[in-house]
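Trainee: I am new to this structure and would be grateful for a close look at a single part of it. Please begin with the setting and then describe that part in a connected way.

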Amino acid sequence: GLCGIYFRETQGTIFPAPNFNPIMDAQVLGGALQGISCEKDVLIDILTQRCNSQRLMIAEAYRDMYGRDLITDLKENLSHHFKEVMVGLMYPPASYDAHELWHALKGVDTEENCLIDILASRSNMEIFQMKEAYLMQYNNDLQQDIDSETSGHFRDTLMNLAQGTRMEGYADPSSAAQDAMILWEACQRKTGEHKNILQMILCNKSYQQLWMVFQEFQNISGQDLVDAINECYDGYFQELLVAIVLCVRDKPSYFAYRLYNAIHEFGFHNKTVIRILIARSEIDLMNIRQRYKEKYGKSLFHDIKHFASGHYESALLAICAGDAEDY
């Protein structure tokens, strides 16, 4: 029943390495980075086969050993997308989210899709930690930056998500139908006030509650909420609302859909592919791979292989951890 939906086992593709020796890894990395030509395969073999907390221990051992910062050395020796992957692997999850949000907000163009991907999918705890990391790394307040770099109802919704105050674990079946009616009316009426009501429900109610609300919405309107939102609204506001609904239903499916679009609709949008693979590698990338294959017929492994090349391709495939039979 419903419980099966909420507590689906999720699985990443990267796990702690057994017999882990950070000092030896640091030594091998040092050798690979200091050779006449940088041994990129060695970097891939070590950094994609260790979990994030192990990579942080390697970075510490590296600093002790060489008196230098591993991230800086990676940045200096590598280039393009391959560099982005290897450097990205070195950030703790909250710092990586903060790093991606900072660049999305402060780059030449605001990258709305990055803001949507991260803020629509993270838990209260993840949002709290990402705001702390953002303040530490950039000496800026994430919410103030969202406020100044975005606008309209899109901004209001992002600001609400960035508060990280969604109800957790609580569901009230008796109010689900009422919430669904309010959503339905908001979709019909489309005033500023109704847009506000819509995003408040989607940002503040628990996943368990929203699951029931979406069922009731279907019963009341005869329509799927995603279709209703797509009909009623447009622009980034619409994309963000849809992302929230999809994440409530099934995060791995949402990310499979985002990866598919990034690969096929946007001519391999590297930043999106890199960000999702790294951010989900220890959470649910295995599930994302399964959903991708189910929904699109080809495996994620196959599509990355088809579009990427060189060490960049090898690094992405190592994170994706696909197998020959996946191909």
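**A buried aspartate and its setting**

Mentor: In the protein chain, 73% of the contacts with a separation of 6 or more are between residues 24 or more positions apart; a contact means heavy atoms within 4.5 Å. The model is predicted, so local features need pLDDT of at least 70 and side-chain atom pairs count only at pLDDT 80 or more, whereas totals for chains, interfaces and linings use all residues. Residues are numbered from 1 along each chain as its sequence is written, and side-chain values use heavy atoms, with hydrogens and water left out.

The secondary structure of the chain consists of 21 helices and zero strands. Helices here are DSSP runs of H or I with at least four residues, strands are E runs of at least two, and both are numbered from the N terminus. The radius of gyration, taken over C-alpha atoms, is compared with a globule rule of 2.2 Å times the number of residues to the power 0.38. Because a compact globule of 327 residues would have a value near 20 Å, the 21 Å of this chain agrees with that rule. The C-alpha trace spans about 65 × 45 × 35 Å along its principal axes. Of the 327 residues, 50% are buried, where buried means under 20% relative accessible area, exposed over 50%, and partly exposed in between (1.4 Å probe, protein chains only).

The part chosen for a close look is D117, which lies in helix 8, residues 112-121. D117 counts as buried because its relative accessibility is 2%. The side chain of D117 is joined to that of R258 by a polar contact of 2.7 Å. Such a contact is a pair of N or O atoms within 3.5 Å; within protein, one must be able to donate a hydrogen and the other to accept it, and residues adjacent in sequence count only if both atoms are side-chain atoms. Apart from neighbours within four places in sequence, D117 is in contact with R122, Y254, F255, R258, T272, R275 and I276.

R275 also appears beside another acidic residue, E100, which touches C114, I118 and R275 when residues up to four places away in sequence are not counted. E100 belongs to helix 7, residues 93-106, and is buried, with a relative accessible area of 13%. R275 is thus in contact with both D117 and E100.
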